[in-house]
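The following paragraphs lead a new reader through one structure, a step at a time. Please keep the sequence and the 3D view at hand while reading.

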Amino acid sequence: HAADAHRTDLMTITRFVLNEQSKYPESRGDFTILLSHIVLGCKFVCTAVNKAGLAKLLGLAGETNVQGEDQKKLDVLSNEVFIKALISSGRTCILVSEEDEEATFVEPAKRGKYCVVFDPLDGSSNIDCGVSIGTIFGIYMMKDAHEPIVDDVLQPGKNMLAAGYCMYGSSCTLVLSTGNGVNGFTLDPSLGEFILTHPDIKIPKKGKIYSVNEGNAKNWDGPTSKYVESCKFPKDGSSPKSLRYIGSMVADVHRTLLYGGIFLYPADKKSPNGKLRVLYEVFPMSFLMEQAGGQAFTGKERALDLVPKKIHERSPIFLGSYDDVEEIKRLYSAEE
Ligand code: AHM
Ligand code: MG
């Protein structure tokens, strides 16, 4: 009986990825092991985030505890947990984190073939008021067994093997793509396991929502201004779009993925490259969008074609429903 099957035959994220990897005869479980260490990091951060509101009482991250010792800030703590979990997986060689100025090169004895780029806790301005925040990650594979150098992670996003994010919201949701579509898993806190709840996510072809920090409007360029104007005052007789903006990329992108629409962090006069970071914000989210049938554009090119020159490089980004991104592409090409 189908209903029973749902309750007793649990598709955990590990089981799902093992099934997926078994399609590739050369795969030896390394990716599954790497992913299980990422999942561990996400579970840890989820627990820490859920307790954050009690920080004053319990002496948690960012607060002084009962012994008067300073506790680590949540983003610093999350970073340490991910770095340690990734190194101890024995499957990584280069790690790039938003929290660390320099890339981390894993010592030879613990080295594996994967490079992981990540933002351990994105949306930090939302931590103290209990609004959704998240972890974003992307995974590259070393082409051959040479001594790792920083160029190994300065690859276009289309070379990523996998990407995903975990959102710490009203529930804890992990969205993952290994290049065969996008799947969403929700943490069952009683089991401590991520269970497949959103199989084969496809973004609606066109959406009714736009998502942008409109407070920057005075500094926008022509195409961005025109686009947002057309969301509010459509010229084709369609209804205006709704505006939703949380200010946490993971939450704004998650909603865009499920409901459709567009998320933009454009360039402006003050920040000509926008705000968001190519390697661990723009690329993973662009990878997921394309895998879900949407698009991601930088204002100049397909986002996944960009080749970063520095690990913390920024880029403007427009991503979401296929038709909505098509419209912004049209406005930028009309500009040239
Ligand atoms: P952070 O890495 O300091 O948390 O900044 C990244 C966040 C994204 O999650 C979000 O999309 C963006 O910054 C919001 O920026 P703004 O406050 O300028 O709208
Ligand atoms: Mg960030």
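**A walk through the predicted model**

Val253 is a residue of helix α7, and it serves as the starting point in what is a predicted model. Is Val253 buried or exposed? It has 27 other C-beta atoms within 10 Å, and because the cut-off for a buried residue is 20 or more, Val253 counts as buried. When its neighbours within four places in sequence are left aside, Val253 is in contact with Phe263 and Met285. Gly169 is 84 residues away from Val253 along the chain, and the C-alpha atoms of the two are separated by 13 Å.

The surroundings of Val253 are shared by much of its helix: of the 11 residues of α7, which spans residues 249-259, 9 are buried, so the helix is largely enclosed by the rest of the structure. The buried residues of α7 are Met249, Val250, Ala251, Asp252, Val253, His254, Arg255, Thr256 and Leu257. Just after the helix comes Gly260, which takes a positive phi of about 90°.

From the helix we can turn to the part of the chain that a record describes. UniProt, in an unreviewed entry, places the feature "domain: Fructose-1-6-bisphosphatase class 1 C-terminal" at residues 203-332. Over residues 203-332 the chain is 36% helix and 12% strand, while the C-alpha atoms at the two ends are 23 Å apart.

Next come the sheets. One is an open sheet of 5 strands, in the order β10-β9-β11-β13-β12 and with mixed pairing. Its edges are formed by β10 (242-243) and β12 (295-297), each of which has a single partner strand, so that one side of each is left without a neighbour in the sheet. Strand β9, at residues 209-211, runs parallel to β10 and is joined to it by 2 bridges. Tyr210 has Leu243 of β10 as its bridge partner.

Another open sheet has 8 strands, and here the order is β2-β1-β3-β4-β5-β6-β7-β8, again with mixed pairing. In this sheet β2 (104-105) and β8 stand at the edges, and because each has a single partner strand, one side of each is left without a neighbour. Helix α5 (residues 74-88) packs on this sheet, where it touches β1 (92-97), β2 and β3 (111-122), and its direction makes about 165° with that of β3.

Further along the order of the 8 strands, β4 pairs with strand β5 (residues 162-168) in the antiparallel sense, over 7 bridges, and the bridge partner of Ile136 is Tyr165 in β5. Strand β4, which covers residues 133-141, also holds Tyr140. Tyr140 has 25 C-beta neighbours inside 10 Å and therefore counts as buried. Not counting residues up to four places away in sequence, Tyr140 touches Cys115, Val153, Gln155, Asn159, Met160 and Leu161. Gly320, by contrast, lies 180 residues from Tyr140 in sequence, and the two are 23 Å apart in space, C-alpha to C-alpha.

Towards the β8 edge, strand β7 (residues 183-188) and strand β8 (residues 193-198) run antiparallel and are joined by 5 bridges, with Ile195 of β8 as the bridge partner of Thr186. The two strands form a hairpin with 4 residues between them, and in this hairpin Gly192 takes a positive phi near 70°.

The loop between β8 and β9 contains Asp200. Most residues other than glycine have a negative phi, which makes a helpful background for the next point. Asp200 is not a glycine, and yet its phi is positive, at about 45°. With 11 C-beta neighbours inside 10 Å, Asp200 counts as exposed, because the cut-off for exposed is 12 or fewer.

The walk ends with a pair of helices. How do helix α2 (residues 13-21) and helix α3 (residues 30-51) cross? Their axes come within 10 Å of each other and cross at roughly 160°, which means that α2 is roughly antiparallel to α3. On the α2 side the contact is made by Ile13, Thr14, Val17, Leu18 and Gln21, and on the α3 side by Phe31, Thr32, Leu35, Ser36 and Val39. The spacing of such residues can be read against a general rule: an α-helix has 3.6 residues a turn, so residues three or four places apart point the same way. The crossing of α2 and α3 is right-handed.

Notes:
Residues numbered from 1 in each chain as written. Chains lettered and ligands numbered in written order. Predicted model: local features only at pLDDT ≥ 70, side-chain atom pairs only at ≥ 80, totals over all residues. UniProt positions renumbered as here; feature names shortened; annotations may be inferred. Pairing = 2+ DSSP bridges. Contact = placed C-beta atoms within 7 Å. Axes fitted to C-alpha atoms, helices over the stretch in contact; angles between N-to-C directions. Parallel < 35°, antiparallel > 145°, perpendicular 65-115°, else oblique. Left-handed = near helix turned anticlockwise from the far one by under 90°.
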